[in-house]
Amino acid sequence: MPDIKIKMELIKTLLALGKSQHPDEFLALLKVNNGVIDEFELAPGTITGRTSASFSQYMLPLSTNNAGSAHSHPSGALRPSDADLRFFPASGRWHIIVGPPYDLTSWRCFRADGRIAEPEVIS
Ligand SMILES: [Zn+2]
């Protein structure tokens, strides 16, 4: 059993978003529908300057289908930072980090506690 299902199109869109924002970060909230993460919305005020902002300052919209978050690490480190680990549990169970070169190998999915997850990517 895979941990969670993620739509391939969503992954591609997040990678493209990361690339377009580079060297800035983006932060998006993931939505799950019928057991598949297939949608996201950008967190308000997420497109920031080069300085990495702490997630805790964002107002998170309340939604019943929140699945977690996705954001970019322009540094290319595909692992959660200490700030990420504090933020993850507040926004859902699944958290995607993308980084350069923003291709299909440069993303990871994590659980709220920072452990790597193994999602099933579906078309
Ligand atoms: Zn991060």
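## Exercises on strand 4, helix 2 and the zinc site

Gly92 takes a positive phi of about 140° just after helix 2 (helices are DSSP runs of H or I with at least four residues, strands runs of E with at least two, both numbered from the N terminus). This is a predicted model: local features need pLDDT of at least 70, side-chain atom pairs count only at pLDDT 80 or more, and totals for chains, interfaces and linings use all residues. Residues are numbered from 1 along each chain as its sequence is written, and side-chain values use heavy atoms, leaving out hydrogens and water.

**Exercise 1.** Determine which residues of helix 2 are buried and what covers them.

*Solution.*
- Step 1: The buried residues in helix 2 are Asp84, Phe87, Phe88 and Ser91 (buried means under 20% relative accessible area, exposed over 50%, partly exposed in between, with a 1.4 Å probe and protein chains only).
- Step 2: Viewed down the helix 2 axis, these residues fall within an arc of 115°, so they line one face of the helix (the arc is taken from the directions between the helix axis and the C-beta atoms).
- Step 3: An α-helix has 3.6 residues a turn, so residues three or four places apart point the same way.
- Step 4: Turned away from the buried side is a face with the exposed residues Asp82, Arg86, Pro89 and Ala90.
- Step 5: The cover over the buried residues of helix 2 includes strand 2, strand 4, strand 5 and strand 6 (contact means heavy atoms within 4.5 Å).

**Exercise 2.** Place strand 4 (residues 66-72) in its surroundings.

*Solution.*
- Step 1: Of the 7 residues of strand 4, 6 are buried, so the strand is largely enclosed by the rest of the structure.
- Step 2: Strand 2 (residues 27-33) is antiparallel to strand 4 and joined to it by 5 bridges (strands pair if DSSP finds at least two bridges between them).
- Step 3: Leu27 has His71 of strand 4 as its bridge partner.
- Step 4: Strand 5 (residues 94-98) runs parallel to strand 4, also with 5 bridges, and Ala70 stands opposite Ile96 of strand 5.
- Step 5: From strand 4 the chain passes through helix 2 (residues 82-91) to strand 5 in a right-handed β-α-β crossover (right-handed: with the strands pointing away from the viewer, the path from the first strand over the helix to the second runs clockwise).

**Exercise 3.** Why is the arrangement of donor atoms around the zinc ion irregular?

*Solution.*
- Step 1: His71 (NE2), His73 (NE2) and two entries for Asp84 (OD) coordinate the zinc ion at 1.9 to 2.5 Å (donors are N, O and S atoms within 2.8 Å of the metal, or 3.2 Å for Na, K and Ca; water is not among the atoms, so sites may look incomplete).
- Step 2: The 4 donor atoms subtend angles of 56 to 158°, which makes the arrangement irregular (four donors are tetrahedral if all angles lie between 85 and 135 degrees; four are square planar and six octahedral if opposite donors are over 155 degrees apart and all others between 65 and 115; anything else is irregular).
- Step 3: The donor residues follow the spacing H-x1-H-x10-D. His71 belongs to strand 4 and Asp84 to helix 2, so this pair ties together parts 13 residues apart in sequence.
- Step 4: His71 is buried at 1% relative accessible area, and Asp84 is buried at 3%.

**Exercise 4.** Is Tyr102 buried or exposed?

*Solution.*
- Step 1: Tyr102 sits in the loop between strand 5 and strand 6, with a positive phi of about 60° although it is not a glycine.
- Step 2: Its relative accessibility is 9%, so Tyr102 counts as buried.
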